[in-house]
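What follows is a walk through one protein chain, from its overall make-up to a few individual residues. Keep the sequence and the model open while reading.

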Amino acid sequence: MVTKNIIRVLTLAFSVLALPLLLGGCGSTATMMGGYADNASIAIVARDRHVGERVNLYVDGTLVRSDVKVVKESEATRKAERIVVAPGTHEVSVVNQGGVELFRQKVFLSAGKVKLVVLLP
């Protein structure tokens, strides 16, 4: 009986500690169709907080595009600027005009697809 309670407590403690590690990060990505057949594209979107901000996009540490307007995630198909990059695995980071990094993640960019970089609050 005592052993079962200890196992339950340990399982609960592990779950609570592991959950932030699994769900952690400062953004997410999604993929949508449409783009150039031999190239990949990135679009920067947000749910609420960063909509309308101007940001800089870095791929593998190199500034690829500056002054990109962040659009609402629900309007990505119509309004998001698509930045063309080579397909493959890249480290993508988004920095606001004040120099604060809003997103950094290693992502795989598929040819002919648009990767949505979603900035979370």
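Two residues are in contact when heavy atoms of theirs lie within 4.5 Å. In this predicted model, the contacts between residues at least 6 apart in sequence can be sorted by separation, and 67% of them join residues at least 24 apart.

The chain contains 2 helices and 9 strands. Read from the N terminus, its elements follow the order α-β-β-β-β-β-α-β-β-β-β. Of the 121 residues in the chain, 33% are buried. The area exposed by the chain is about 7600 Å², and carbon and sulfur atoms supply 57% of that area.

Next, the sheet. Strands of a sheet pair through backbone hydrogen bonds, in either a parallel or an antiparallel manner. Here 4 strands, in the order β4-β3-β7-β8, make an open sheet with antiparallel pairing. Its edge strands are β4, residues 62-69, and β8, residues 101-109, each of which pairs on one side only. From one strand to the next, the twist averages 20°.

Within this sheet, β7 (residues 88-96) and β8 run antiparallel and are joined by 8 bridges. Two residue pairs help to locate the register. Serine 93 is opposite arginine 104 in β8, and histidine 90 is opposite valine 107 in β8. The two strands β7 and β8 form a hairpin with 4 residues between them. In that turn, glycine 99 has a positive phi of about 90°.

Asparagine 96 is part of strand β7. Is this asparagine 96 buried or exposed? Asparagine 96 counts as buried because its relative accessible area is 16%, and the cut-off for buried is under 20%. The side chain of asparagine 96 comes within reach of the backbone nitrogen of valine 100, at 2.8 Å. Setting aside residues up to four places away in sequence, asparagine 96 touches Glu53, Arg54, Val55 and Leu102.

Glutamate 53 also leads to another residue, histidine 50, whose side chain makes a polar contact of 2.9 Å with the side chain of glutamate 53. Histidine 50 sits in the loop between β2 (40-46) and β3 (54-59). With a relative accessible area of 5%, histidine 50 is therefore buried. Which residues does histidine 50 contact, leaving aside its neighbours within four places in sequence? They are Val70, Leu102, Leu119, Leu120 and Pro121. Leu102 appears in the contacts of histidine 50 and in those of asparagine 96.

The loop between β2 and β3 also holds aspartate 48. Unlike the buried histidine 50, aspartate 48 is exposed, because its relative accessible area is 60% and exposed means over 50%. Aspartate 48 and leucine 120 are 72 residues apart in sequence, while their C-alpha atoms are 8.1 Å apart in space. Leu120 is also one of the residues in contact with histidine 50.

Terms used:
Residues are numbered from 1 along each chain as its sequence is written. This is a predicted model: local features need pLDDT of at least 70, side-chain atom pairs count only at pLDDT 80 or more; totals for chains, interfaces and linings use all residues. Side-chain values use heavy atoms; hydrogens and water are left out. Buried means under 20% relative accessible area, exposed over 50%, partly exposed in between (1.4 Å probe, protein chains only). A polar contact is a pair of N or O atoms within 3.5 Å; within protein, one must be able to donate a hydrogen and the other to accept it, and residues adjacent in sequence count only if both atoms are side-chain atoms. Two strands pair if DSSP finds at least two bridges between them. Axes are lines fitted to C-alpha atoms, for helices over the stretch in contact, and angles run from 0 to 180 degrees between N-to-C directions. Accessible areas come from the Shrake-Rupley method with a 1.4 Å probe; for residues, only the protein chains shown count as cover.
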